[in-house]
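Q: Please take a close look at the largest pocket of this chain. Describe what lines the pocket, and then follow the lining elements into the rest of the fold.

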Amino acid sequence: MEHEVFVPVQAERLREALADPVRVARAVPGLQQDAGTPPVSGRLKVRVGGHTITYRGTVRVTARDDGSYAVEGDATEARGPGTVKLALVLTLTPSDGGTTVTITGTTTADGRVADLPPDAVSATTGRLLNRFVENLAEAPETPQGLAEREPERETEPEKPEPEIEREPEAEVEPAPEAEPSALFEEEEQAPPAPSRANREDAVAEAAHARRTMIGRSAEEVDHAPPRGRYAPVPAPETADARATLRWAAPAAAVALASAIAVTRALRKRR
């Protein structure tokens, strides 16, 4: 066979794609790759006329010394004994606005496809080759291809940092130590710590205040007289009050005795 396909990309881009097996596998139209198999291998459904045939096989792409690429493949029918073998050569020719890919070689097949009309088989083959080359030109680059294309960056020698002249630090004289007598004077002036008895009295007064406030309204608490150390001191008794008590007590006793005597006298008369 001999077939030509024009794509609007540079020939170098096609060469990079043909050198990457992953991009070649993506370019095969309808290829379903199997896990754990080489990149360009798997299942391929081919529709010829009104018939669909599924093949399982492998394709290998090899660069040649003259700049062309050899494509070899073999496949067998998934449901039948039919086989297909490819032996093609891809030649890349730069042209205005793109690249022309010329495909030449031979194809042998038997089984179900041998019983189909030759025109239908030729049309299906040409359609597959067109789509393969077009997909190859549009296939995105893989991380492996990008890593190979990226040029090695020359590491620039590190420049030494300029030395900065620093001014000598001024010497700081240590502070004079305080004399022992001054230290003792400061310790003597410190206020004494509260004794244990005073702390216990303060805690007891606070507890008594909390017990008296519990269950009382805010108004009662506000108007209640203070207790404890803040309670009002009663007024001292005067001398006049003591003198009054001295003569009032005997007079009350005499009056009480007289009343008792009168009462007894009246009972006897009756």
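A: The model is predicted, and its secondary structure comes to 8 helices and 7 strands. The chain has 270 residues, of which 20% are buried. Its exposed area is about 21,600 Å², and carbon and sulfur atoms supply 54% of that area. Among contacts between residues at least 6 apart in sequence, 47% join residues at least 24 apart.

The largest pocket has a volume of about 920 Å³. Its lining consists of 38 residues, and those nearest the centre of the pocket are L44, V46, V84, L86 and L128. Two or more lining residues come from each of the strands β3 (41-48), β4 (51-63), β5 (69-77), β6 (83-95) and β7 (98-109), and from the helix α3 (118-138). Of these elements, α3 gives the most to the lining, with 8 residues. By residue class, the lining divides into 27 nonpolar, 9 polar and 2 charged residues.

V84, one of the residues nearest the pocket centre, is found in strand β6. Its relative accessibility is 18%, and V84 therefore counts as buried, the cut-off being under 20%. Leaving out residues up to four places away in sequence, V84 touches Y55, G73, D74, A75, T107, T108 and A109. For one of these partners, T108, the separation along the sequence is 24 residues, while the C-alpha atoms of V84 and T108 are 5.8 Å apart.

E77 lies in strand β5, one of the elements that contribute to the pocket lining. With a relative accessible area of 7%, E77 is buried, because buried means under 20%. Beyond its neighbours within four places in sequence, E77 is in contact with I53, T54, Y55, G82, D110, G111, R112 and V113. I53 is 24 residues away from E77 along the chain, and their C-alpha atoms are separated by 7.2 Å. Y55 is listed among the contacts of E77 and also among those of V84.

Helix α3 also enters the packing of the largest nonpolar core. This core has 23 residues, and the members that touch the most others are L90 and F132. At least two core residues come from each of β1 (2-7), α1 (11-18), α2 (21-27), β5, β6, β7 and α3. Again α3 gives the most, here with 5 residues. Once neighbours within four places in sequence are set aside, F132 is in contact with V24, A27, V28, P29 and L90. Apart from this core lies another, of 8 residues, which includes V46, V48, V113 and L116. V46 is also one of the residues nearest the pocket centre, and V113 is one of the contacts of E77.

R127 is also placed in helix α3. Its relative accessible area is 41%, so R127 counts as partly exposed, between the limits of 20% and 50%. R127 and P29 are 98 residues apart in sequence, with 9.9 Å between their C-alpha atoms. P29 is also among the contacts of F132.

In summary, α3 is the main contributor to the pocket lining and to the largest nonpolar core. Strands β5, β6 and β7 each give two or more residues to the lining and at least two to that core.

Note on methods:
Residues are numbered from 1 along each chain as its sequence is written. This is a predicted model: local features need pLDDT of at least 70, side-chain atom pairs count only at pLDDT 80 or more; totals for chains, interfaces and linings use all residues. Side-chain values use heavy atoms; hydrogens and water are left out. Helices (H or I, at least four residues) and strands (E, at least two) are DSSP runs, numbered from the N terminus. Buried means under 20% relative accessible area, exposed over 50%, partly exposed in between (1.4 Å probe, protein chains only). Contact means heavy atoms within 4.5 Å. Accessible areas come from the Shrake-Rupley method with a 1.4 Å probe; for residues, only the protein chains shown count as cover. On a 1 Å grid over the protein atoms alone, a cavity is a set of points where a 1.4 Å probe fits but cannot get out, and a pocket is an open set with protein on both sides within 12 Å along at least five of seven lines; lining residues have an atom within 4 Å of a point. Grid points are joined across faces, edges and corners, and a volume is the space filled by probe spheres set on the points. Ala, Val, Leu, Ile, Met, Phe, Trp, Tyr, Cys and Pro count as nonpolar, Asp, Glu, Lys and Arg as charged, and the others, Gly among them, as polar. A nonpolar core is a set of buried Ala, Val, Leu, Ile, Met, Phe, Trp, Tyr and Cys residues joined through side-chain atoms within 4.5 Å.
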